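I pulled this one up to see what holds its charged side chains together. Notes follow in the order I looked things up.

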Amino acid sequence: SFGPSDSPLSGRRRSLDEVMATGTPDSQARFGQSVKGLLTEKVNTCGTDVIALTKQVLKGSRSSELLGQAARNMVLQEDAILHSEDSLRKMAIITTHLQYQ
């Protein structure tokens with residue numbers, strides 16, 4: 001029977017720790033820089049995504065606020081239009097009476 005170190009695959013499969021322990025200092029430094037670069041890239045990407053999401057949420061809440069404000073302004077304008085229409089109707093009646101005189 002084989003022991004843990006006598007396994008037929010032990011020569012082929014080595015853990016990352018074993019590779020790092022037997023690698024040269026230059027290869028270890030390059031590997032560390034590569035991992036650090038990938039991690040930095042992922043952190044930057046996540047940060048950018050969070051900022052974009054925050055902007056979208058704020059934009060959505062702002063859109064709702066602007067829509068409500070537009071509805072209120074429309075109601076105010078509708079009242080002004082109805083009042084103007086009533087005034088024009090009264091002026092037309094007055095103009096007609098003046099023409100008869």
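**Charged pairs**

I started with Asp 86 and Arg 89, whose side chains form a salt bridge at 3.6 Å, N to O. I should jot down that this is a predicted model. Why can these two reach each other along the chain? They sit three residues apart in helix α2, so about one helical turn separates them.

Next I checked how covered Asp 86 is. Its relative accessibility is 30%, so I put Asp 86 down as partly exposed.

I then looked for another partner of Asp 86 and found Lys 90, again in a salt bridge at 3.6 Å, N to O. Asp 86 and Lys 90 are four residues apart in helix α2, so here too the separation is about one helical turn.

Which residues end up in one network? Glu 85, Asp 86, Arg 89 and Lys 90 do, joined by salt bridges that share partners.

**The Glu 85 end**

I went on to Glu 85, whose side chain meets that of Arg 89 in a salt bridge of 3.8 Å, N to O. Both residues belong to helix α2, which spans residues 25–100, and they lie four residues apart, about one turn of the helix.

Buried or partly exposed, I wondered about Glu 85? Glu 85 comes out at 41% relative accessibility, so it goes down as partly exposed. I looked up Arg 89 as well: its relative accessible area is 47%, which means partly exposed again, since exposed would need over 50%.

**Whole chain**

How many salt bridges does a search of the whole structure find? I got three.

I also pulled the secondary structure, and the chain has two helices and zero strands.

Then I asked what share of the chain is buried. The answer is 0% of the 101 residues. For the surface, I noted an accessible area of about 9400 Å² for the chain, with 62% of it belonging to carbon and sulfur atoms.

To close the page, I went back to Arg 89. Its side chain meets Glu 85 in one salt bridge and Asp 86 in another, while Asp 86 also pairs with Lys 90.

Methods
Residues are numbered from 1 along each chain as its sequence is written. This is a predicted model: local features need pLDDT of at least 70, side-chain atom pairs count only at pLDDT 80 or more; totals for chains, interfaces and linings use all residues. Side-chain values use heavy atoms; hydrogens and water are left out. Buried means under 20% relative accessible area, exposed over 50%, partly exposed in between (1.4 Å probe, protein chains only). Accessible areas come from the Shrake-Rupley method with a 1.4 Å probe; for residues, only the protein chains shown count as cover. A salt bridge is a side-chain nitrogen of Lys or Arg within 4 Å of a carboxyl oxygen of Asp or Glu.
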